[in-house]
Amino acid sequence: MGYRTMSKQLGEKATTVGAIIRKWKKFKMTVNRPRSGAPCKISPRGASMIMRKVRDQPRTTRQDLKRAGTTVSKKTISNTLRRHGLKSCSTRKVPLLKPAHVQARLKFANDHLDDPEEEWGKVMWSDETKIELFGLNSTRRVWRKKKDEYNPKNTIPTVKHGGGNIILWGCFSAKGTGRLHRIEGRMDGAMYRKILASNLLPSVRALKMGRGWVLQHDNDLKHTARATKEWLRKKHLKVLEWPIQSPDLNPIENLWRELKVRIAQRQPRNLKDQEKVCMGEWAKIPAAVCKPGQELQETYDLCNCKQRFLYQILSSAFLMYQILMSCNKMQINYLKIIQCDFLDF
């Protein structure tokens, strides 16, 4: 039976019948096979040039890549970068570290890398933080339709400068949270020593820290003032040596985040209400958040995660130190190098 006879019986064109028969004889199938699609607009050499440019300068934009000589669209550039495992992300903010700071962090990591977990449990972590009245509200997300962005249910109130803020001093250890104190006005060395006397020492007694506990605070001028050091010496308080420019190493920053999330959920209406909410939520934070727990280890594990931090400091800071020391034009390129996001906790 010929193609024309079959085409008349099936009501199809003879060319269609012939194409189907030939496909069956060759591939043993009649369905359409997957097509290769449109050929890639960018050559392997062009893709290599884009990847080399991005590796050298991660902040390069797609427009900059087009000006560099590529003739493809921005969409093609994005697809090429994604195929190589790169995606556009917001830069992480890290402390500005000079070579001396990097060396201090390396020394701190080496000195404490082998400390047992019990030693970190004796540390009383302390720090100050600023909490704005509408601080974390800007990060909230809602489920809405495309045209409902200005529905009052889908909006959040905003005011200039965050609607005011309060400054808090707090402390915690592996046994739980200590006292939380609101700082009125501008804090100086005398006020800081008064805070330590009124809040730190009672917190140590309430948490039953026992002998051998260590105070941690950063290298703020109020903390390192001669009068403050003398007060600590008279009280026989041992202070953990802390590297300069290292706010990201203090686990209390994770606790501040937990507190701010809880405050945002309560939505205080004024600063007085905010202070009351802060005190209440701080007291409600369970001790399990402050000490290692199997179910909370991935999220918190605030005290005993220090060893993981120290390993990261050793690997990343040593690499940064090598870069800085081997750079022939360190003074010129320094500001470019230190902006690298090399401490991602």
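**Figure 1. Aromatic pairs in the predicted model.** A search of the whole structure, which is a predicted model, finds four aromatic pairs. In one of them, F108 and W242, the ring centres lie 5.3 Å apart and the planes meet at 70°, so this pair is classed as edge-to-face. F108 belongs to helix α6 (residues 99–112), whereas W242 sits in the loop between β5 (238–239) and α11 (252–266); the pair therefore ties together parts that are 134 residues apart in sequence. F108 and W242 are both buried. A stacked aromatic pair is formed by W120 and W125, with 6.1 Å from centre to centre and 15° between the planes. W120 and W125 are likewise buried. Through ring pairs, F108, W120, W125 and W242 are linked into a cluster.

**Figure 2. Surroundings of N250.** Residue N250 is located in the loop between β5 and α11, the loop that also holds W242. With a relative accessible area of 6%, N250 falls under the 20% cut-off and is therefore buried. Apart from neighbours within four places in sequence, the residues in contact with N250 are W125, S126, D127, Q216 and W242. Among them, W125 and W242 are also members of the aromatic cluster.

**Figure 3. The open five-stranded sheet.** Five strands, in the order β3-β2-β1-β4-β5, form an open sheet with mixed pairing. The edge positions are taken by β3 (176–183) and β5; each has a single partner strand, so one side of each is left without a neighbour in the sheet. Helix α8 (residues 189–206) packs on the sheet and touches β1 (123–132), β2 (165–173), β3 and β4. The direction of α8 makes about 155° with that of β3.

**Figure 4. The two edges of the sheet.** At one edge, β3 pairs with β2 in the antiparallel sense over six bridges. A hairpin joins these two strands through two residues. Within this pairing, L168 has R182 in β3 as its bridge partner. Strand β3 is mostly covered, as six of its eight residues are buried. At the other edge, β5 pairs with strand β4 (residues 214–216) in the parallel sense, over two bridges. Here V214 stands opposite K238 in β5.

**Figure 5. Packing of helices α3 and α5.** Helix α3 (residues 44–56) packs against helix α5 (residues 74–83) at an angle of about 75°, and the axes are 10 Å apart. Because angles of 65 to 115 degrees count as roughly perpendicular, α3 is described as roughly perpendicular to α5. On the α3 side, the contact involves A47, I50, M51 and V54; these meet I77, T80 and L81 in α5. Sorted by class, the residues of this contact are six nonpolar, one polar and no charged.

**Figure 6. Overview of the protein chain.** The secondary structure of the chain comprises 15 helices and five strands. Of the 345 residues in the protein chain, 37% are buried. Among contacts between residues at least 6 apart in sequence, 70% join residues at least 24 apart. The pair of F108 and W242 is one example of a link between parts distant in sequence, which are 134 residues apart.

Terms used
Residues numbered from 1 in each chain as written. Predicted model: local features only at pLDDT ≥ 70, side-chain atom pairs only at ≥ 80, totals over all residues. Heavy atoms only, no water. Axes fitted to C-alpha atoms, helices over the stretch in contact; angles between N-to-C directions. Helix = DSSP H or I, 4+ residues; strand = E, 2+ residues; numbered from the N terminus. Parallel < 35°, antiparallel > 145°, perpendicular 65-115°, else oblique. Contact = heavy atoms within 4.5 Å. Nonpolar A, V, L, I, M, F, W, Y, C, P; charged D, E, K, R; others polar. Phe/Tyr/Trp six-rings, centres within 6.5 Å; stacked < 30°, edge-to-face > 60°. Buried < 20%, exposed > 50% of the residue type's maximum accessible area, 1.4 Å probe, protein only. Pairing = 2+ DSSP bridges.
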